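Dear colleague,

I am passing the structure below on to you, and I would be grateful if you could keep it open while you read the notes that follow.

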Amino acid sequence: MKIGFIGTGVITEAIVRGLIAHRDSEEQIILSERSRDISARLAALSPRVRIESNNQRIVDQSDLVFLAVLPHLASDIIGPLNFREGQTVASLIASVPHEQLRSWTGGGVEIVRAIPLPAVAEGRGTTVLFPDNQYLAGLFGVVPRGVV
Ligand SMILES: NC(=O)c1ccc[n+]([C@@H]2O[C@H](COP(=O)([O-])OP(=O)(O)OC[C@H]3O[C@@H](n4cnc5c(N)ncnc54)[C@H](OP(=O)(O)O)[C@@H]3O)[C@@H](O)[C@H]2O)c1
C-alpha cells in the first residue's frame with residue numbers, strides 16, 4: 001500500500017509519526033515536500049518515507065491519498081489534481097463537504113472524511129471516519145467509529 005499526503009503540516013506529521021512508531025507494516029509513505037523542515041525530519045525517521053515535490057506525482061503514485069491542506073487553500077491545490085478510479089481519498093480538511101470533494105476527485109474514487117487528532121502520533125485518541133472504511137479504521141486503530 002502506498003499512502004500519499006498532500007500537505008505536510010501539523011496533522012500529517014502526527015499521522016506519519018504514529019504510523020512509523022505504532023504500525024508494523026510495509027506501507028510506503030509519500031510526502032509533499034512543502035513544510036520542508038517537517039517533511040525532511042519525517043523522511044529521516046524511516047526508509048518507508050520519501051518526499052515528492054509535485055502534488056500530481058504524489059497522487060499518481062498513491063493508493064490512498066490524504067488531503068491535509070488548510071480549507072481556504074484546498075480548492076486551488078486539490079481542484080487541479082487528477083485522481084484515478086480505485087483510489088481512496090481521505091480528506092482531513094475541516095468544513096469541506098463530500099459533494100465538494102467529489103467535484104475535485106471525479107467518480108470512481110472512494111472518499112472518506114476523517115478527523116484525526118494530534119494524539120495519533122502516540123497511537124492514542126479517537127479518529128472519526130465517515131463513511132466507515134476498514135483500512136483507515138485499522139490504520140488509525142479507530143475505537144469507536146462514529147459519524148460526522
Ligand atoms: N491540526 C489538527 O489537529 C487537525 C486535526 C484534524 C484535521 N485537520 C485539518 O487538516 C488540514 C491541515 O491542518 P494542519 O493543522 O496540518 O495545517 P498546517 O500545519 O498549516 O499544514 C498545512 C500544510 O499544507 C501545505 N501546503 C500549502 N500549500 C501547499 C501546496 N500548494 N501543495 C502542497 N502542500 C501545501 C503547507 O506547506 P507550507 O508550510 O510549505 O505552506 C503545510 O505543510 C486542515 O484542513 C485542518 O482542518 C487538522
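Where does S35 lie? In this model, which is predicted, S35 is placed in the loop between strand 2 and helix 2. Its phi is positive, at about 55 degrees, although S35 is not a glycine. S35 is classed as partly exposed because 17 other C-beta atoms lie within 10 Å, a number that falls short of the 20 needed for a buried residue and exceeds the 12 allowed for an exposed one.

S35 also belongs to the surroundings of the ligand, where 24 residues are found and where the closest are G7, G9, R34, S35 and A94. Sorted by class, that shell holds 16 nonpolar residues, 7 polar ones and 1 charged one. Two helices, helix 1 (10–22) and helix 4 (71–78), each contribute at least two residues to the shell.

The elements on either side of the S35 loop belong to a further arrangement, since strand 2, helix 2 (residues 36–43) and strand 3 form a β-α-β unit that is right-handed. Strand 2 (residues 28–32) pairs with strand 3 (residues 49–52) in the parallel sense, over 4 bridges, and within strand 3 it is E52 that stands opposite S32.

Strand 4 (residues 64–67) deserves a separate look. It runs parallel to strand 1 (residues 2–6), with 4 bridges joining the two, and I6 has L67 as its bridge partner in strand 4. Strand 4 is likewise joined to strand 5 by 4 bridges, again in a parallel pairing, and there the partner of L67 is S91. Between these two strands the chain passes through helix 4, in a β-α-β crossover that is right-handed.

As for the two faces of strand 4, side chains in a regular strand alternate between the two faces of the sheet. Here both faces are covered, with L64 and F66 buried on one side and V65 and L67 buried on the other. F66 and L67 reappear in the largest nonpolar core, which has 38 residues and in which I6, F66, L67, A68, A90 and L92 have the most contacts. If neighbours within four places in sequence are left aside, F66 is in contact with I3, G4, F5, I6, T12, A90 and L92.

Which residues does Q87, in the loop between helix 4 and strand 5 (88–91), touch when those up to four places away in sequence are not counted? They are D63, V65 and V109. Q87 counts as partly exposed because it has 18 C-beta neighbours inside 10 Å. Its C-alpha is 28 Å from that of D37, a residue 50 places away in sequence.

Two further backbone details may be useful to you when you go through the torsions. S95, in the loop between strand 5 and helix 5 (98–105), is not a glycine and yet has a positive phi, near 75 degrees; because S95 has 8 C-beta neighbours inside 10 Å, it counts as exposed. The other detail concerns F130 and P131, which are joined by a cis peptide bond with omega at about -10 degrees. P131 sits in the loop between strand 7 (128–130) and helix 6 (134–140).

With best regards

Conventions
Residues are numbered from 1 along each chain as its sequence is written. This is a predicted model: local features need pLDDT of at least 70, side-chain atom pairs count only at pLDDT 80 or more; totals for chains, interfaces and linings use all residues. A residue is near a molecule or strand if its C-beta atom, placed from the backbone, lies within 6 Å of it. Ala, Val, Leu, Ile, Met, Phe, Trp, Tyr, Cys and Pro count as nonpolar, Asp, Glu, Lys and Arg as charged, and the others, Gly among them, as polar. A nonpolar core is a set of buried Ala, Val, Leu, Ile, Met, Phe, Trp, Tyr and Cys residues joined through C-beta atoms within 7 Å. Two residues are in contact if their C-beta atoms, placed from the backbone, lie within 7 Å. Two strands pair if DSSP finds at least two bridges between them. A crossover is right-handed if, with the strands pointing away from the viewer, the path from the first strand over the helix to the second runs clockwise.
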